[in-house]
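This report introduces a protein structure to a reader who has not met it before. Please look over the sequence and the structure shown below before reading on.

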Amino acid sequence: MDEKLPQPEVWLRGPLEDLPVLLQPAAFALMQTKEELPFWLKDFPKEKLWIKPAGRASVGFHLKHLSGVLDRMLTYAKEEPLSSKQFAYLKAEEAIETNLSVEQLIKFFTAKVEEALTYFKTLEEHQLTETRSVGRKKLPSTLIGLLFHAAEHSQRHLGQLIATASFVKML
């Protein structure tokens, strides 16, 4: 594949201002995902957004899930319970929504990344080891654990999305 991103990856562009050093890698991963989505999905056909090749997740699911996970991880990071709206979104992540475009779904994720980076800037490094709980079962984590998971999860789904989109475009 000859397609290349127009600039070096985010982590190779230097440190981000006003962000705790220990959160820079998480910020880089989120920003990289945000930048790559429109690149890899440029001119992606809307009619192929919900195709599930071999029964696997569709491009549309990955886009919805990226925003949903980041939203939920930020909520847990802030020690808040998920809202009924968030539970409804979680339940609807796999639902086919033909009224949504690729651009709208990317815009939702972009807004969540900006929200995350704004939140990162409010944190002090000593807070990062504070205990946090995840989900209804209140599974143990730390603030940095949650934020790192949000970032690495976005990269994981970006990779799956790229592979799925590349395949589905050929159909």
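A patch is made of residues with over 30% relative accessible area and no salt bridge; like charges are joined within 9 Å, and nonpolar side chains (Val, Leu, Ile, Met, Phe, Trp, Tyr) within 5 Å. Accessible areas come from the Shrake-Rupley method with a 1.4 Å probe, and for residues only the protein chains shown count as cover. The structure is a predicted model, in which local features need pLDDT of at least 70 and side-chain atom pairs count only at pLDDT 80 or more, while totals for chains, interfaces and linings use all residues. Residues are numbered from 1 along each chain as its sequence is written, and side-chain values use heavy atoms, with hydrogens and water left out.

**Surface patch**

Phe167, Met170 and Leu171 make a nonpolar surface patch of about 350 Å². Phe167 belongs to helix H5, which covers residues 143-169. Helices (H or I, at least four residues) and strands (E, at least two) are DSSP runs, numbered from the N terminus. Residues are called buried under 20% relative accessible area, exposed over 50%, and partly exposed in between (1.4 Å probe, protein chains only). Phe167 counts as partly exposed because its relative accessibility is 40%.

**Overall architecture**

The protein chain has 5 helices and 2 strands, and its elements follow the order α-α-α-α-β-β-α from the N terminus on. Its radius of gyration is 16 Å, close to the 16 Å that the globule rule gives for 171 residues, so the chain is as compact as a globular protein of that length. That radius is taken over C-alpha atoms, and the rule is 2.2 Å times the number of residues to the power 0.38. The C-alpha trace spans about 50 × 40 × 25 Å along its principal axes.

Of the 171 residues, 44% count as buried. The accessible surface of the chain comes to about 9,800 Å², and carbon and sulfur atoms hold 58% of this area. Among contacts (heavy atoms within 4.5 Å) with a separation of 6 or more, 72% are between residues 24 or more positions apart.

**The strand pair**

Strand S1 (residues 131-134) and strand S2 (residues 139-142) run antiparallel and are joined by 4 bridges; strands pair if DSSP finds at least two bridges between them. Val134 stands opposite Leu139 in S2. The hairpin of S1 and S2 has 4 residues between the strands, and Gly135 takes a positive phi near 75° there.

**Salt bridges**

A salt bridge is a side-chain nitrogen of Lys or Arg within 4 Å of a carboxyl oxygen of Asp or Glu. The structure holds 11 of them, including the three pairs tabulated here.

| Acidic residue | Basic residue | N to O distance |
|---|---|---|
| Asp43 | Lys42 | 3.5 Å |
| Glu97 | Lys64 | 2.6 Å |
| Glu79 | Arg132 | 3.8 Å |

The pair of Glu97 and Lys64 links distant parts of the chain, 33 residues apart: Glu97 lies in the loop between helix H3 (84-92) and helix H4 (102-120), and Lys64 in helix H2 (residues 59-77). Glu97 is partly exposed at 24% relative accessibility, whereas Lys64 is buried at 2%.

The pair of Arg132 and Glu79 also links distant parts, 53 residues apart, with Arg132 in strand S1 and Glu79 in the loop between H2 and H3. Arg132 is buried, with a relative accessible area of 6%, and Glu79 is exposed at 57%.

In the remaining tabulated pair, Asp43 is exposed at 64% relative accessibility, and Lys42 is exposed at 56%. Elsewhere, a network of salt bridges links Asp71, Lys78, Lys112 and Glu115.
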